[in-house]
Amino acid sequence: MCFVDPEDIYDGNKFHLHVDVKILWIKGLERTRLKDFTQKCEDPSVISVFVNDDEFYVSKDVLTRNSPFMERKWKTMIERSKNQRNYFEFNDINPDIFHDILELLYGYNALTDDNVVAVSEMAYDLQFESIKEKCEEYLVGSQLLNDKEKFQHATKFDMPKLRF
């Protein structure tokens, strides 16, 4: 925040002020979703994924084939449960970013300047290598991050193409 002398902006008749604003969040305006994952499906290969209070219906194979983490989580869950519980549960991730990852797994172009950094971080955490690579390609061709930020992101999330 910057403070100015009122005499610098008041000409005796009007105030003249130039303000640069960076909007961090707008409540109520959501990006149009490319695919709906909220429709319940009776297909036995479809499982529920609970992310905080949101429920997604997703192909178990899409998740487990694209993420060693999800595959281990599924195997561990089956081994610990006598009857197959067809769901995953996450209470510590952003459901909007998870939805973006699902859209990417299903072949939609869901990356934007607004979500690519968060998607790449979650893809790294959940071990979705193909999604991480899409994010890396997006960031390489983008001016979203400066060179220092690209190098830091590349180092933290194992994205060698960002290291210029």
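This tour visits one helix pair and then the salt bridges of a predicted model. Local features need pLDDT of at least 70 and side-chain atom pairs pLDDT 80 or more, while totals for chains, interfaces and linings use all residues. Residues are numbered from 1 along each chain as its sequence is written, and side-chain values use heavy atoms, without hydrogens and water.

**Helices α4 and α6**

Select residues 95-105 (α4) and 129-140 (α6), which pack at an angle of about 95° with their axes 10 Å apart. Helices are DSSP runs of H or I, at least four residues, numbered from the N terminus; axes are lines fitted to C-alpha atoms over the stretch in contact, and angles run from 0 to 180 degrees between N-to-C directions. Helix α4 is therefore roughly perpendicular to α6 (65 to 115 degrees).

Next, display Ile101, Leu104 and Leu105 of α4, which meet Ser130, Ile131 and Lys134 of α6 (contact: heavy atoms within 4.5 Å).

**Salt bridges**

The whole structure holds five salt bridges, each a side-chain nitrogen of Lys or Arg within 4 Å of a carboxyl oxygen of Asp or Glu.

Remain on α6 and select Lys132, which is buried at 4% relative accessibility (buried is under 20%, exposed over 50%, partly exposed in between; 1.4 Å probe, protein chains only). Its side chain meets that of Glu129 at 3.4 Å, N to O; Glu129 is partly exposed at 42%.

Add Asp158, whose side chain bridges to Lys132 at 3.6 Å, N to O. Asp158 lies in the segment after α7 (147-156), so this pair ties together parts that are 26 residues apart in sequence. Shared partners join Glu129, Lys132 and Asp158 into one network.

Technical notes
Helices (H or I, at least four residues) and strands (E, at least two) are DSSP runs, numbered from the N terminus. Angles under 35 degrees count as roughly parallel, over 145 as roughly antiparallel, 65 to 115 as roughly perpendicular and the rest as oblique.
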